[in-house]
Amino acid sequence: MTSGTITIPNYETVRPHSRLSEMKRNLFKKKRQISLERAILYTESYQKTVGEPTIIRRAKATANILDKVKISIRPGELLVGNLTVRPRSGILSPEMDPYWIMKEINTIDHRPQDQFEFTEEDKKYYREKLYPYWAGKSMKDFITKQFPDEVQKAIDDKVIHVNQTDKGQGHIIMYFPMILNNGIHYMIDTLKQKIQEQPDNDFFKAGLIIWQATQRHLERYAKLAEEMANDPVTPGYRQIELKQMAKMCRKLQTEKPYSFYEALQLLWIVSIVGQYESNASSLSLGRMDQYMYPFYKHSVDDGVPAKFMKEILGDFYLKTDDVVKLRSEASARDFAGFPTGYTVALGGYNKYGQYAVNDLSYKMLDLYQEIRLPQPNLSVRINDQIPRRFLIKTCETIRIGTGIPMLFNDEACIPGFLSKGVSLDDARDYGVVGCVETTIPGRTYGLHDIALFNLMRIMELTMYEQENNPDLTYDKFKQAVKDKIDYYVKIVTEGSDVVDLGHRKFAPTPFLSTLILDCIKNGRDVTHGGARYNFSGVQGIGEPNLADSLWVIKQAVFENHELSFKDLVDLMRSNYAGEDGEKMRQHFIHDFDKYGNDKPEVDMEAAKMFRHYALELGKYTNIRGGHFNAGAYTVSAHIPLGDEVGATPDGRKAHEQLADGGLSPMVGEDVLGPTAVLKSVSKIDTTMAVNGSLLNMKFSPNTLKGPVGIAKFADFLMAFTYLKIRHIQFNVQSRETLIDAQKHPEKYADLVVRVAGYSAFFVDLNKHIQDDIIRRMEHQL
């Protein structure tokens, strides 16, 4: 062992009950509440730093939070660091957007999705202190004023949704190996040296301010742990734990970690500081089994008890569920159920092109089978080299029914990055952020969730524009749709750049940026283009519905001449009104091939339109000089985005949902089994979906029953791999269970299901999303 290593006594046999089960119960005892503490401390600092550079003001505000925020060490915890004293509280960022909070101040406790208690005392403080200070000088004010007229019109016309206008950007993975292998003091020494070389560089100064505050934050926890240990009412075994925690917090201020315990503690504190700095979604964890394994191996070799190793990792897992994101009502509809984004990627290629799996990879899946909560959002990277044993372990974890882990296919993801100029070594090291967005850990600022692009709304607008065109043919109609896609792609990139600029001017992240490779070398924050790779990701929404609709138009109007194009548009305008309208709607639904059933003609409509969209988007560069990348996923936005589209020729009535996920077939239309779904999706070149794609599937629990069921499911996953589909995830819950949970939520408080690129508690979801999950086709193998 190295000097200063924390020794763990073999005390666990004296604990009177299970630590993890106790901590899990405590996490959900109280209702979610809004905490003003970060907002108050942030504002307090800003009032004192008027006139200083924004990046310095941000750093000082974060340091003020770290120095003054209330801290606690909860019963049973072995790792310190909580965003709020009350578990699962939502923290505000009025510096980003104070308006939605004021608008929803009296409804947030009973809105349809993701409710929070807001005390009357805190409401009063917000109205009288925080709102008056930030109104007129927030990031939202800047972005709204900067939108060109055509961007605002596209937003008003419901063609595009521009995201991240009211919160920190996130969707990024810090380079955790740098801090874990070197320690806090290395970061401080590096920044001090850089300041000597470039004394006018505010980025280096800002980073130093927060890293030094991180040391002080750890010291606050060390003192608290000592105080608690010295309390005579503290049980003896807990006194031992608290004293060790205090010792560890002091060591990590000046030394790098050695043990698994120390590394997990430093990893979590870094994550918490990142949350305080930006209050952003999806500050994800990357390839945790890879960079944490050396520390795990040290502890195994040193004889640290397996039970203790499980408890500290379990503590880490539970802490990821303690962080929930407070969103506006509109945003909560698109991202329902708190997709905080503590996403972890296990396995996958290493830089040598070999499958990288180790004992920690297995242990992380084993532990999740016990924890069974929405976070961490585990994923497994799969390729044709995956060991059968690890594949079986993955299948067994999926079988428990929480939708975790999801699968990412190296055979599609890596070539996609290579096509965007990413080096082979970096591409092989990709991770997952947010829901299903892929990124290069510690090297990329990807703005992965910058905008949603509603392809079905574009098709609808094109239909109405072309309804009186006497020379219209199917090819001319498709070209008109493509032309309109091109028009709106340009607009969405302009809107995205405005948001990008807003984050640069109002919300730089110097702490996070010091852990993104090349930022220190370049002397620039990520928002100023300091990262190695600088992408912006725009999600194309509605490919399955677009394909189904185009196929009906082609056959019913232009080939079979069942009705004129004008008649079709009138039918859409009427929303399939009357007996004849409903008869025609059923005809469109049942008598025409649908995407998801291995019908090459209709599948290729989706493939061609997505390819056109992705190539057109890829022509544009953002203000940081990086590519715009296409995505094909909806999160839970397929419901609100469907609400913005009228009736469509696939038989969908006005305001009904779009296909879930992104590349999943329209609900109920995948009638030829799961293999047919895979073959349909494989027609779409998802190597072009560099920003991510999403395929939801639901299986009957009986399908994965016993060793035979698991073996068949493993073979199904290998078929997914060979077909080079980018992503897949599963719900393994029976329709009967979900219906009963909807009727009797009190009996299913811990039921976790897959929503989109994340899992959530079923009873936390509004009825529209619950119904969507219930209606998804339940497959068998």
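Student: How should I read burial for a single residue: is Gly529 buried or exposed, and what is its relative accessible area?

Tutor: Keep in mind that this is a predicted model. A residue counts as buried when its relative accessible area is under 20%; Gly529 has a value of 9%, so Gly529 is buried. As for its setting, Gly529 lies in the loop between α24 (519–522) and β13 (533–534), and, residues up to four places away in sequence not counted, Gly529 touches Arg524, Asn534 and Arg624.

Student: Which loop holds Arg74, and is Arg74 buried or exposed?

Tutor: The loop between α3 and β2 (90–91) holds Arg74, and with a relative accessible area of 13% this arginine is buried. Once neighbours within four places in sequence are set aside, its contacts are Leu27, Asn82, Thr84, Val85, Arg86, Pro87, Arg238 and Asp322.

Student: What describes the packing of two helices, and how do the axes of α3 (residues 54–68) and α10 lie?

Tutor: In general, packed helices are described by the angle between their axes together with the distance between those axes. Here the axes of α3 and α10 come within 9 Å and cross at roughly 0°, which means that α3 is roughly parallel to α10. On the α3 side the residues that meet α10 include Ile55, Ile56, Ala59, Ala63 and Leu66, while among those that α10 contributes are Phe203, Ala206, Ile209, Ile210 and Ala213. By type, the residues of this contact divide into 11 nonpolar, three polar and seven charged.

Student: Where do nonpolar side chains tend to be in soluble globular proteins, and how many residues does the largest nonpolar core have here?

Tutor: The general idea is that in soluble globular proteins nonpolar side chains tend to be buried together. In this model the largest nonpolar core has 208 residues, and those with the most contacts inside it are Met288, Phe453 and Phe730. Helix α10 (residues 202–230) supplies the largest share of this core, namely 13 residues. A second core, separate from that one, has 37 residues, including Tyr430, Val635, Ile639 and Ile773.

Student: Which residues does Met288 contact, leaving aside its neighbours within four places in sequence?

Tutor: With those neighbours left out, Met288 is in contact with Leu264, Leu267, Tyr293, Leu313, Phe316, Val344, Ala345, Leu360 and Met364.

Student: How many of the residues of helix α30 (residues 674–681) are buried, and against what do they pack?

Tutor: Helix α30 is mostly covered, since six of its eight residues are buried, namely Pro674, Ala676, Val677, Leu678, Ser680 and Val681. These buried residues pack against α28 (600–617), β17 (696–699), α31 (706–722), β18 (727–731) and β21 (778–779).

Student: How do I combine a record with the coordinates: what does the UniProt annotation for residues 661–781 say, and where does UniProt place its modified residue?

Tutor: An annotation of this kind may be inferred rather than shown by experiment. The unreviewed UniProt entry gives "domain: Glycine radical" for residues 661–781, a span that in the model is 36% helix and 16% strand, with its end C-alpha atoms 21 Å apart. From the unreviewed entry also comes the feature "modified residue: Glycine radical", placed at Gly757. In the model, Gly757 lies in the loop between β19 (752–754) and β20 (759–761) and is buried, with a relative accessible area of 0%. Beyond its neighbours within four places in sequence, Gly757 is in contact with Asn377, Met406, Gly434, Cys435, Val436, Leu694 and Gln729.

How values were computed. Residues numbered from 1 in each chain as written. Predicted model: local features only at pLDDT ≥ 70, side-chain atom pairs only at ≥ 80, totals over all residues. Heavy atoms only, no water. Core = buried A, V, L, I, M, F, W, Y, C linked by side-chain atoms within 4.5 Å. Buried < 20%, exposed > 50% of the residue type's maximum accessible area, 1.4 Å probe, protein only. Helix = DSSP H or I, 4+ residues; strand = E, 2+ residues; numbered from the N terminus. Contact = heavy atoms within 4.5 Å. Axes fitted to C-alpha atoms, helices over the stretch in contact; angles between N-to-C directions. Parallel < 35°, antiparallel > 145°, perpendicular 65-115°, else oblique. Nonpolar A, V, L, I, M, F, W, Y, C, P; charged D, E, K, R; others polar.
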